[in-house]
Amino acid sequence: IQPPSLNGVDWKHSLCALAVDSQTSKPFQYHDMIAVYRLALQRLSAAQQTATVVDERMDTLLQMMYECVAALEHEWDDHDGRHPPPLPAVICHMDLQPQNLTFWHDRNDRVEKDDINVHVAKHCSVASVMDFEEAAYADPRFEVLLICRKVLANLEQAKGLWKSYSSTVKLHTTWDVGPIEPWLRLETVHSLFTLLLQANNLLGGGRNPWETKPDLWGKIDRERMRLVRMGWSFCNVDAIV
């Protein structure tokens with residue numbers, strides 16, 4: 001199937017398209033995403049060779065990403081094998097961000113403050129989930145991971161949700177969810193590739209991405225430093241300024 005265009009931009013430039021190119025009908029697993037990132041590296045490196053704007057920072061970032069992908073391949077060396085403990089695949093939304101979720105509170109949980117209704121309950125329920133265009137048959141931990149990264153406020157909350165999910169799975173099955181840290185690093189690498197593809201598209205069009213989209217570098221730097229805090233000291237690249 002030929003991937004569609006989105007707003008006139010070839011879908012081939014997105015990580016979604018790279019995933020489609022690399023998959024047949026089998027469900028997505030942790031190691032499948034590493035294969036997608038290797039393909040992304042090949043395309044980014046090839047594009048960098050023909051870019052009309054020379055950018056040393058992009059060269060440095062690509063070298064860092066090679067190390068990131070290599071590190072992901074060894075994330076499970078200390079956890080009884082090359083891959084995370086297996087879980088049965090399920091249908092996953094794959095884009096569970098706040099803009100794709102609506103929530104509801106019980107009307108009894110509202111109080112009026114300065115003529116505005118304010119919810120006072122600590123808990124809310126999901127009313128609906130929207131935009132399933134990226135849905136896939138995949139490891140359910142992808143879904144929990146996105147909630148941890150995109151919906152929850154901090155690492156403490158993320159670890160709390162992951163622990164609760166792990167305990168529930170273990171209570172009802174013999175399956176082991178495993179630690180959250182390798183999944184957090186995987187998702188951060190994914191975010192970096194998404195941002196680098198945006199920068200590369202600008203370079204290919206003869207524009208400096210750091211001037212055309214000044215917030216892009218800040219986003220890349222935040223994700224890079226997130227990996228440093230998670231133990232990947234090689235991401236603390238002094239040459240990137």
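Angles over 145 degrees between helix axes count as roughly antiparallel, and those under 35 degrees as roughly parallel. Keep these cut-offs at hand for the exercises below, which all work on a predicted model.

**Exercise 1. Find how α4 and α5 are oriented to each other, and say what their contact is made of.**

Solution.
- Step 1: Start with the geometry. Helix α4 covers residues 141-151 and helix α5 covers residues 155-172; their axes lie 9 Å apart at an angle of about 155 degrees.
- Step 2: Apply the cut-off. Angles over 145 degrees count as roughly antiparallel, and α4 and α5 are therefore roughly antiparallel to each other.
- Step 3: Add the handedness. The crossing of α4 past α5 is right-handed.
- Step 4: List the partners. R141, V144, L145, I147 and C148 come from α4, while A158, L161, W162 and Y165 come from α5.
- Step 5: Sort them by type. Eight of these contact residues are nonpolar, none is polar and one is charged.

**Exercise 2. Decide whether α4 is enclosed by the rest of the structure or not.**

Solution.
- Step 1: Recall that a residue is buried when its relative accessible area is under 20%.
- Step 2: Pick out the residues of α4 that pass. They are R141, F142, E143, V144, L145, L146, C148 and R149.
- Step 3: Conclude. Eight of the eleven residues in α4 are buried, so this helix is largely enclosed by the rest of the structure.
- Step 4: For context, look at the protein chain as a whole: 39% of its 241 residues count as buried.

**Exercise 3. Check the length of α3 against the number of its residues.**

Solution.
- Step 1: Work out the expected span. The rule is 1.5 Å times one less than the number of residues, and for the 17 residues of α3 this gives 24 Å.
- Step 2: Compare with the model. The end C-alpha atoms of α3 are 25 Å apart, which agrees with the expected span.

**Exercise 4. Describe how α3 packs against α2 and against α8, one pair at a time.**

Solution.
- Step 1: Take α2 (residues 30-49). Its axis and that of α3 are 10 Å apart, at an angle of about 160 degrees.
- Step 2: Name the orientation. α2 and α3 are therefore roughly antiparallel, and α2 passes α3 in a left-handed crossing.
- Step 3: List the contact. On the α2 side are Y30, I34, Y37, R38, L41, L44, S45 and Q48, and on the α3 side are M58, D59, L62, M65, Y66, V69, A70 and L72. By type, twelve of these residues are nonpolar, two polar and two charged.
- Step 4: Now turn to α8 (residues 214-229). The axes of α3 (residues 56-72) and α8 come within 13 Å and cross at roughly 30 degrees. That makes α3 roughly parallel to α8.
- Step 5: Add the handedness and the partners. The crossing of α3 and α8 is left-handed. R57, L61, M64 and C68 in α3 meet W217, I220, R224 and L227 in α8, and the residues of this contact divide into six nonpolar, no polar and two charged.
- Step 6: Finish with burial. The buried residues of α3 are M58, L61, L62, M64, M65, C68, V69, A71 and L72.

**Exercise 5. Work out the surroundings of L72, and say whether L72 is buried or exposed.**

Solution.
- Step 1: Place the residue. L72 belongs to helix α3.
- Step 2: Check its accessibility. With a relative accessible area of 0%, L72 is buried.
- Step 3: Collect its contacts. Apart from neighbours within four places in sequence, L72 touches Y30, I34, Y37, R185, L186, V189 and W232.
- Step 4: Look at sequence separation. P182 is 110 residues away from L72 in sequence, yet their C-alpha atoms are 7.6 Å apart.
- Step 5: Widen the view. Among contacts in the protein chain with a separation of 6 or more, 69% join residues 24 or more positions apart.

**Exercise 6. Locate M94 and D131, non-glycine residues with positive phi, and classify the accessibility of each.**

Solution.
- Step 1: Begin with M94. Its phi is about 70 degrees, and its place is the loop between β3 (90-92) and β4 (101-104).
- Step 2: Classify M94. Its relative accessible area is 19%, and M94 is buried.
- Step 3: Move on to D131. Its phi is about 60 degrees, and D131 lies in the loop between β7 (125-129) and β8 (136-138).
- Step 4: Classify D131. At 42% relative accessibility, D131 counts as partly exposed.

Note on methods. Residues are numbered from 1 along each chain as its sequence is written. This is a predicted model: local features need pLDDT of at least 70, side-chain atom pairs count only at pLDDT 80 or more; totals for chains, interfaces and linings use all residues. Side-chain values use heavy atoms; hydrogens and water are left out. Axes are lines fitted to C-alpha atoms, for helices over the stretch in contact, and angles run from 0 to 180 degrees between N-to-C directions. Helices (H or I, at least four residues) and strands (E, at least two) are DSSP runs, numbered from the N terminus. Angles under 35 degrees count as roughly parallel, over 145 as roughly antiparallel, 65 to 115 as roughly perpendicular and the rest as oblique. A crossing is left-handed if the near helix is turned anticlockwise from the far one by less than a right angle, and right-handed if clockwise. Contact means heavy atoms within 4.5 Å. Ala, Val, Leu, Ile, Met, Phe, Trp, Tyr, Cys and Pro count as nonpolar, Asp, Glu, Lys and Arg as charged, and the others, Gly among them, as polar. Buried means under 20% relative accessible area, exposed over 50%, partly exposed in between (1.4 Å probe, protein chains only).
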